[in-house]
Protein chains: 2
Amino acid sequence: MATKHDDVAARTSTGERVLAEAARLFRTKGYSATTMRELAAALDVNKATLYHYIGGKEDLLYKLSIESLERIITDVSRAIALQSDPLSRLVSAIKAHINTMLADRDKHATMLNELRALTGERANDVIELRDRYESLIRALLQEGLDRGLIRSDLGSEKYLTLGLLNLLNWTIFWFEPEGELTPQEIGEILASIYLFGVTADAAPASQRVGEAEEVDGRRG
Amino acid sequence: MATKHDDVAARTSTGERVLAEAARLFRTKGYSATTMRELAAALDVNKATLYHYIGGKEDLLYKLSIESLERIITDVSRAIALQSDPLSRLVSAIKAHINTMLADRDKHATMLNELRALTGERANDVIELRDRYESLIRALLQEGLDRGLIRSDLGSEKYLTLGLLNLLNWTIFWFEPEGELTPQEIGEILASIYLFGVTADAAPASQRVGEAEEVDGRRG
DNA sequence: GTCTATAGTGGGATAGAC
DNA sequence: GTCTATCCCACTATAGAC
């Protein structure tokens, strides 16, 4: 049915539409509370038709979770690679994390919220990817500690990493695409809080977080 | 059956045991994925018996959410009232938030995760309480801004509040009671990150977060 | 690739005896 | 206050025609 002249929305394959709509429902209502009937109705197809595209309900969750993590690992790795100074790498990682996460809230929120609904092999796969991402961030903080750029009085990099992921991940629950701040602006605020804190004397005017503009191949 | 000589665990009424077990299951498996059959089995009673104590499944979620929010509002308000300096009040609030939240993970995680499953009047009640708590924190940051103790270059108190709640709330997903840090220690780390940031020169040794020990009526 | 029809299971909740 | 028995409904998934 699709031709070269269709616009992007129309060109989206049915399989991709199923995944996208599932993500939207999973984020809004939760995985377990979402029924295959609702999903079929939202896509205006028969329930049975869904099973032509997917193996089952859990497959949807699995695919979305893997996509989410692969995407954020790729984007954050790319952002880090463009910087050499450890603190600049950290700031770039924070911005990339926020940008990627908020660019597809449905998918990333589903991964963050519904991981526990996965079972067996599928759960293992996703947890392994999630741990790999966490290691990426941990290494970044360890690098800063090694070079004396990050405070060492708060202990090892472990809780610095968990604190950072706290600060970043929960954003997905209150971000509104039509709200007053862009993901870019939110990323800068959170990066500045994380690096310099909120007290008035903590961030001299020379230390701002917006200096290194990202170089991204796409999106002019 | 209960007498004055029963110990605390045994004195817990059946109604309270139902709520506590529901909270445990809701946190572990999610509200929607938890069945009344499982709950009955975990308590070793018949399914029908549950309905002698509760109005229905959603009632459980409602009661847990209200308890969670009332508890944290009470505890944090009390902690704030003991301090006069805005930054000390902020630190006390952070510690109290973390302590209360981690002292009953089941209840608080359920409230944070499953609010969307509530409907109608019950949803309104809980959202109203949640907003009241958020206002409490906002006022604290506004106070710091007014007195010039908090950075004003990050915008209004709105995103400072959301950032702080990010930093605090997500902790409930990775905290382990048998882990290496106590809630008190985690609260101190997060308070220090939030106030002073993680960069090496951001926190002079004179600015530590542990100075004002809390005065709590209970627990010697 | 989409449908009708339905299998098979398990969900929340209630009636009413004890 | 706890039980047995059961209602009614919604769930995921499949068979098989078109």
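Reader: Let's start with chain A. How many helices and how many strands does the secondary structure of chain A come to?

Author: Chain A has ten helices and zero strands. Keep in mind that this is a predicted model. Reading from the N terminus, the elements of chain A go α-α-α-α-α-α-α-α-α-α.

Reader: What share of chain A is buried?

Author: Of the 220 residues in chain A, 49% are buried. You can also look at how contacts are spread along the sequence. Taking contacts in chain A between residues at least 6 apart in sequence, 68% of them join residues at least 24 apart.

Reader: Now the interface. How many residues does each chain bring to the contact?

Author: Chain B gives 48 residues and chain A gives 49 residues. Together the two chains bury about 4,100 Å², with 60% of that on carbon and sulfur atoms.

Reader: And what about the polar side of it? How many salt bridges are counted between chain B and chain A?

Author: There are four salt bridges between chain B and chain A. One to click on joins Glu180(A) and Lys158(B), where the closest N and O atoms are 3.1 Å apart. If you widen the search to polar contacts, you get 30 residue pairs between the two chains, both residues being at pLDDT 80 or more.

Reader: Which helices of chain B supply at least two residues of the side that touches chain A?

Author: Helix H2 (14-29), helix H7 (105-114), helix H9 (157-169) and helix H10 (183-196) of chain B each do. H9(B) has the largest share, at eight residues. By residue type, the side of chain B that touches chain A splits into 25 nonpolar, 13 polar and ten charged.

Reader: Let me zoom in on H10(B). How do I check a helix like that for length?

Author: Compare the expected span with the distance between the end C-alpha atoms. At 1.5 Å a residue, the 14 residues of H10(B) should span 20 Å, and its end C-alpha atoms are 20 Å apart, which agrees.

Reader: Is there a general rule for which way residues on a helix point, and which residues of H10(B) are buried?

Author: The rule first: an α-helix has 3.6 residues a turn, so residues three or four places apart point the same way. As for H10(B), the buried residues are Ile186(B), Gly187(B), Ile189(B), Leu190(B), Ala191(B), Ser192(B), Ile193(B), Tyr194(B), Leu195(B) and Phe196(B). Ten of its 14 residues are buried, so H10(B) is largely enclosed by the rest of the structure.

Reader: What covers the buried residues of H10(B)?

Author: Both chains take part. The cover includes helix H9 (157-169) and helix H10 (183-196) of chain A, along with helix H6 (86-103), helix H8 (120-146) and H9 of chain B. Just after H10(B) comes Gly197(B), which has a positive phi near 80°.

Reader: You mentioned H6 of chain B. Why is H6(B) described as largely enclosed?

Author: Here 16 of the 18 residues of H6(B) are buried, so this helix is largely enclosed by the rest of the structure. The length check works here too: at 1.5 Å a residue the 18 residues of H6(B) should span 26 Å, and the end C-alpha atoms are 25 Å apart, which agrees.

Reader: Give me one side chain on H6(B) to follow. What does Arg89(B) touch?

Author: Arg89(B) sits in helix H6 of chain B. Leaving out residues up to four places away in sequence, Arg89(B) touches Ile80(B), Gln83(B), Ser84(B), Leu140(B) and Glu143(B). With Gln83(B), a polar atom of the Arg89(B) side chain lies 3.2 Å from the backbone oxygen.

Reader: Time for loops. Where is Ser32(A) found?

Author: Ser32(A) is in the loop between helix H2 (14-29) and helix H3 (36-43) of chain A. At 33% relative accessibility, Ser32(A) counts as partly exposed. Not counting residues up to four places away in sequence, Ser32(A) touches Lys57(A), Ser32(B) and Ala33(B). For a sequence-versus-space check, take Glu114(A): 82 residues along the chain from Ser32(A), with the two C-alpha atoms separated by 8.6 Å.

Reader: And backbone angles: what is the phi of Asp44(A) near?

Author: Phi of Asp44(A) is near 60°, a positive value in a residue other than glycine. Asp44(A) lies in the loop between H3 and helix H4 (47-53) of chain A.

Reader: Is Asp44(A) buried or exposed?

Author: Asp44(A) is exposed, with a relative accessible area of 71%. Over in chain B, Asp44(B) has a positive phi of about 60° although it is not a glycine. Asp44(B) is in the loop between helix H3 (36-43) and helix H4 (47-53) of chain B, and it is exposed, with a relative accessible area of 69%.

Terms used. Residues are numbered from 1 along each chain as its sequence is written. Chains are lettered from A and ligands numbered from 1 in the order in which they are written. This is a predicted model: local features need pLDDT of at least 70, side-chain atom pairs count only at pLDDT 80 or more; totals for chains, interfaces and linings use all residues. Side-chain values use heavy atoms; hydrogens and water are left out. Contact means heavy atoms within 4.5 Å. Buried area is the accessible area (1.4 Å probe) that two parts lose on being put together, summed over both. A salt bridge is a side-chain nitrogen of Lys or Arg within 4 Å of a carboxyl oxygen of Asp or Glu. A polar contact is a pair of N or O atoms within 3.5 Å; within protein, one must be able to donate a hydrogen and the other to accept it, and residues adjacent in sequence count only if both atoms are side-chain atoms. Helices (H or I, at least four residues) and strands (E, at least two) are DSSP runs, numbered from the N terminus. Ala, Val, Leu, Ile, Met, Phe, Trp, Tyr, Cys and Pro count as nonpolar, Asp, Glu, Lys and Arg as charged, and the others, Gly among them, as polar. The expected span of a helix is 1.5 Å times one less than its number of residues. Buried means under 20% relative accessible area, exposed over 50%, partly exposed in between (1.4 Å probe, protein chains only).
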